[in-house]
Amino acid sequence: MKVVRVALDVPIATLFDYLLPDALDAPPGSRVVVPFGARQRVGVVVEAAARSAIPNARLKPVAAVRDDAPLLSADWLELMRFLAGYYQRPLGETVIGALPPRLRMLKALPREPERHFRRSASAPEPRTLRAGRKRALLEALGDEVISEASLLSSQAHSAARSALRALLREGWIQSAAPVSGSRFDSIHELTAAQRENQSRIAAAFGRFQPFLLHGVTGSGKTEVYLSLIAQVLERGAQALVLVPEISLTPQLEARFRAAFPETRIAVLHSGLEDAARTSAWLAAARGEAAIVIGTRLAVLTPLPRLALVVVDEEHDSSFKQQEGLRYSGRDAAVVRAKLSDCPVLLGTATPSLETWFNCREGRYKLLELPQRASPGARLPQVRTIDLRRESAEQGLAPSLVAAIEQRLARGEQSLVFINRRGYAPVLACQACDWAAGCDRCSARMVLHAADRRLRCHHCGAETAVPRECPTCGNVDLRPIGRGTQRVEETLAARFPRARLVRVDRDSARRRNELSQALEGIRRGEADLLVGTQLLAKGHDFPALTLVGVLNADSALVSTDYRAGERLFAILAQVAGRAGRRELPGEVLVQTRYPEHPLFAALARHDYVGFAESQLAEREAAGFPPFVSEAALRAEAKSLDVALDFLRRAARLVSPPKSVRLFDPVAHVIHRRAGYERAQLLVQSDSRPALQAFLAAWNEQLSATAPKSVRWHLDVDPIEFD
Ligand code: ADP
Ligand code: ZN
Ligand code: ZN
């Protein structure tokens with residue numbers, strides 16, 4: 001009997017050997033059912049072996065081989081090996097964690113092929129229906145043929161399934177054969193700059209080549225992706241498109257569906273129901289879906305004919321997973337392209353410094369779209385409002401208020417951006433120095449005025465607003481500072497006739513609520529918007545001509561060396577919402593530091609100048625991307641225990657000369673959800689030396705860490721709070 005090495009998601013970081021009965025065939029990439037302890041588990045065969053180090057008599061046989069999903073390919077397994085090795089996680093956890101939930105279960109998948117639907121002739125116009133799930137489904141369906149999975153994925157709520165059944169019962173929708181074809185309905189003739197870039201990327205089809213498409217906001221990057229994907233479809237191949245946020249998937253999906261009406265598009269993100277996620281994954285893995293759009297986890301999908309990878313808004317920090325396998329979806333996308341011998345296109349207006357550095361070093365090819373694509377559209381004018389000269393009333397400077405008034409009079413839209421949700425970040429007593437804090441975190445509770453609750457944005461704890469100060473009994477408790485809700489209140493009082501829309505994670509609890517709000521804004525059903533970064537990214541609001549930015553200053557005084565990079569990116573993004581058509585846009589940034597070079601670079605739309613100065617600072621200070629970095633993080637009930645663990649850890653394995661270990665430090669918000677947190681930073685000029693050290697260290701840590709400490713390694717960490 002042969003031996004197979006099986007990846008299992010169990011807390012032991014090793015592969016497990018099983019005997020393969022002669023009657024079974026299980027090449028690498030097979031999903032198998034194997035006995036483990038008292039029960040059975042689903043695993044993946046990673047290797048076939050001639051023999052095991054364990055005597056055959058003590059090995060158990062594979063119980064069954066699953067053939068309800070395609071064999072996982074060699075390059076997919078290679079990707080898993082790379083991720084597990086690079087990010088220091090067990091291969092078993094990595095492989096099983098990359099499968100959609102239903103493929104990890106013992107129960108075999110249902111056999112029936114996936115259903116597709118279209119609207120029946122008898123269906124009423126969705127507009128004539130009461131707002132609700134049925135109407136939302138009919139709207140999502142439009143005049144297209146859409147798979148059950150993507151139809152359900154267009155709705156956030158699990159009740160969509162019963163609404164779908166109801167529509168079938170009423171005969172308003174019917175099953176249809178899935179569409180397939182590669183028709184490309186492009187709306188725009190590409191500009192010369194778009195065409196030039198497009199053909200340089202297309203010339204790399206069939207081989208690995210990373211590109212950075214550095215295009216200002218509104219420069220038509222998405223149109224470049226679309227026309228490249230059209231070529232991928234003509235070749236009968238597959239394209240993978242990664243976006244940073246779930247909230248960006250519906251609009252991108254709609255744009256792709258309009259462009260490729262005959263093509264199966266699979267959408268993948270963590271907000272999907274298990275069934276929808278599984279069937280989208282299967283459509284991709286079977287090669288039935290030619291386009292896969294998704295958040296970072298979509299990079300883990302098997303794609304047998306992958307010919308192009310696109311990472312939109314590549315600079316966005318949400319590409320980095322912050323638990324378990326702490327991978328960067330963007331970096332994984334590059335590895336993925338390498339394993340598939342295909343080009344990978346990273347698109348953004350504000351590249352991450354890592355990516356910019358990779359271009360400078362010649363590893364990535366730089367392509368640029370320096371102008372907006374839409375005829376007559378120009379980049380907005382950016383100006384600062386000096387808060388030391390103009391005193392803000394309720395957080396709004398008079399010149400910002402005047403600019404909004406002007407827009408209202410002209411029937412144009414304005415957006416007030418403040419990157420903090422809730423009413424006020426602090427509720428404090430006027431008589432003593434009490435301020436509402438979280439019991440479980442070293443952080444303040446945020447006041448949410450609408451439902452009179454205090455919420456901790458770090459652990460999710462919430463309480464009612466107290467009637468009086470718990471320390472001195474004073475009833476005069478006041479909100480300090482402001483968030484979106486308070487700005488909304490101020491704007492509503494100041495502009496009572498304006499149609500005001502707030503967009504943040506609280507206003508858009510459900511995904512389709514958010515897309516409906518965004519659609520309304522696009523159609524011009526709002527005059528004044530207030531919102532967080534949810535409003536900043538990627539949206540195209542034709543009538544928006546003014547952006548006001550509040551509270552930008554906190555990032556300027558942050559100790560995190562990435563704060564400047566992030567602030568520039570978010571401001572360039574939000575500024576990019578203004579003036580995307582013929583009407584010129586204006587951006588007003590309220591600040592106490594108007595002379596700060598970041599604002600000057602922003603006003604010049606000078607990403608390159610900004611990036612170069614940041615890189616010079618990073619080089620002088622010895623920060624990434626000039627060094628490779630990892631963090632060992634510890635959480636324990638007391639800070640001493642966490643710090644002590646890190647101090648011991650530092651002595652566990654003696655590092656090679658090129659690897660430097662820093663002193664352990666507590667996080668800024670050192671207590672979160674009842675745990676004290678600290679970390680130890682490791683740096684090296686040599687990536688291989690760092691990787692070798694981390695592997696040895698990880699092994700020792702796993703063998704010796706006490707139970708009282710939760711710990712993990714984070715390779716290429718980006719969060720330091
Ligand atoms: P980006 O992804 O760079 O932000 P988009 O692809 O969303 O830019 O394009 C911005 C706007 O310009 C969109 O409204 C789009 O329809 C328009 N646009 C893009 N390419 C062209 C073109 N070649 N001709 C005219 N308009 C275009
Ligand atoms: Zn008090
Ligand atoms: Zn908390």
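Contact here means heavy atoms within 4.5 Å. With that in hand, let us walk through this predicted model, in which local features need pLDDT of at least 70 and side-chain atom pairs count only at pLDDT 80 or more, while totals for chains, interfaces and linings use all residues. Residues are numbered from 1 along each chain as its sequence is written, chains are lettered from A and ligands numbered from 1 in the order in which they are written, and side-chain values use heavy atoms, with hydrogens and water left out.

**Two helices that cross**

A good place to begin is the meeting of two helices. Helices (H or I, at least four residues) and strands (E, at least two) are DSSP runs, numbered from the N terminus. Two packed helices are described by the angle between their axes and the distance between the axes. Helix α11 (residues 353-360) and helix α17 (residues 607-621) have axes that come within 11 Å and cross at roughly 95°. Such axes are lines fitted to C-alpha atoms, for helices over the stretch in contact, with angles running from 0 to 180 degrees between N-to-C directions. The two helices α11 and α17 are therefore roughly perpendicular to each other, a label for angles of 65 to 115 degrees, whereas angles under 35 count as roughly parallel, over 145 as roughly antiparallel and the rest as oblique.

Which residues meet where α11 and α17 come together? From α11 there are L353, W356 and R360, and from α17 there are Y607, V608, A611, E612, Q614, L615 and R618. Take a closer look at Q614, which sits in helix α17. Leaving aside residues up to four places away in sequence, Q614 touches L353, Y561 and E565. Q614 counts as buried, at 9% relative accessibility; buried means under 20% relative accessible area, exposed over 50%, and partly exposed in between (1.4 Å probe, protein chains only).

After α17, the chain offers a cis peptide bond between P624 and P625, with omega about 5°. P625 belongs to the loop between α17 and β27 (628-636).

**Two zinc sites**

Next come the metals, where donors are N, O and S atoms within 2.8 Å of the metal (3.2 Å for Na, K and Ca); water is not among the atoms, so sites may look incomplete. The table sets out the two zinc ions.

| Zinc ion | Donors | Distance | Angles | Spacing |
|---|---|---|---|---|
| ligand 2 | C429 (SG), C432 (SG), C469 (SG), C472 (SG) | 2.2 to 2.4 Å | 104 to 117° | C-x2-C-x36-C-x2-C |
| ligand 3 | C438 (SG), C441 (SG), C456 (SG), C459 (SG) | 2.2 to 2.4 Å | 106 to 113° | C-x2-C-x14-C-x2-C |

The site of the zinc ion (ligand 2) is tetrahedral, and so is the site of the zinc ion (ligand 3). Four donors earn that word if all angles lie between 85 and 135 degrees; four count as square planar and six as octahedral if opposite donors are over 155 degrees apart and all others between 65 and 115, and anything else is irregular. For four tetrahedral donors, the ideal angle at a metal is 109.5 degrees.

In sequence, the donor residues of the zinc ion (ligand 3) are spaced C-x2-C-x14-C-x2-C. C438 lies in the loop between β18 (426-429) and β19 (446-448), and C456 in the loop between β20 (453-455) and β21 (462-464), so the pair ties together parts that are 18 residues apart in sequence. C438 is buried, with a relative accessible area of 7%, and C456 is buried too, at 3%. C459 is partly exposed, at 21%. Around the zinc ion (ligand 2), C469 is buried at 1% relative accessible area, whereas C472 is partly exposed at 40%.

**Cysteines without disulfides**

How many disulfides does a search of the whole structure find? The count is 0, a disulfide being a pair of cysteine sulfur atoms within 2.5 Å. For C359, the closest cysteine sulfur is in C342, 17 Å away and too far for a bond. C359 is buried, with a relative accessible area of 13%.

**A covered helix and two backbone details**

Helix α2 (residues 91-98) is mostly covered, with 6 of its 8 residues buried: L91, G92, T94, V95, I96 and A98. Their cover includes β1 (2-7), β4 (39-49), α1 (74-86) and α9 (274-285).

Finally, E313 has a positive phi of about 50° although it is not a glycine. E313 lies in the loop between β13 (306-312) and α10 (329-339) and is buried, at 9% relative accessible area. Q394, also not a glycine, has a positive phi of about 50°. Q394 is in the loop between β16 (381-386) and α12 (398-410) and is partly exposed, at 45%.
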